[in-house]
Amino acid sequence: SLRGTGPYTTFAPTNAAFTALDSRVLQDLMMDENKAKLADIVGYHVVQGSYSLDQLKTAVQNAGVDGLKLTTITGKTLIVTNQGVLRVNG
């Protein structure tokens, strides 16, 4: 998926998000037969383009109340908002 023209920005989940997952979910995703599912999940966190924190803050402010919409490399939409802290999809 990342063989196209970069750069890319990755929105990494917090440690708390990983901790909240049942360990069986992570084990399941690491199985060979689930590589496509894992690639889809990882791709959901990657957008084409380079975004610094300051650039995101400005873009979100300019986007207005509904937040900044970014398309992931899997074609899904992320919504970035700022209510004191930048958040992706809440």
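## A walk from Thr-9 to the sheet

Let us start at one residue: the side chain of Thr-9 reaches the backbone nitrogen of Tyr-51 at 3.0 Å, a polar contact (a pair of N or O atoms within 3.5 Å, one able to donate a hydrogen and the other to accept it; residues adjacent in sequence count only if both atoms are side-chain atoms). The backbone oxygen of Gly-49 is also reached by the side chain of Thr-9, at 2.7 Å. This is a predicted model, in which local features need pLDDT of at least 70 and side-chain atom pairs pLDDT 80 or more, while totals for chains, interfaces and linings use all residues. Residues are numbered from 1 along each chain, and side-chain values use heavy atoms, without hydrogens or water.

Thr-9 belongs to strand 1 (residues 8-10); strands are DSSP E runs of at least two residues, helices H or I runs of at least four, numbered from the N terminus. With a relative accessible area of 10%, Thr-9 is buried (under 20%, using a 1.4 Å probe and protein chains only).

Now turn to the sheet. Its 3 strands form an open, antiparallel arrangement in the order 3-4-5, with strand 3 (68-71) and strand 5 (86-88) at the edges. Strands pair if DSSP finds at least two bridges between them, and 3 bridges join strand 4 (residues 77-82) to strand 5. Here Val-80 stands opposite Val-88.

Helix 4 (residues 53-63) lies across these three strands. From this helix, Val-60 is in contact (heavy atoms within 4.5 Å) with residues including Leu-68, Val-80 and Leu-86. Val-60, Leu-68 and Val-80 are also among the 8 residues of the largest nonpolar core, a set of buried Ala, Val, Leu, Ile, Met, Phe, Trp, Tyr and Cys residues joined through side-chain atoms within 4.5 Å.

Technical notes. Axes fitted to C-alpha atoms, helices over the stretch in contact; angles between N-to-C directions. Buried < 20%, exposed > 50% of the residue type's maximum accessible area, 1.4 Å probe, protein only. Lists of a residue's contacts leave out its neighbours within four places in sequence.
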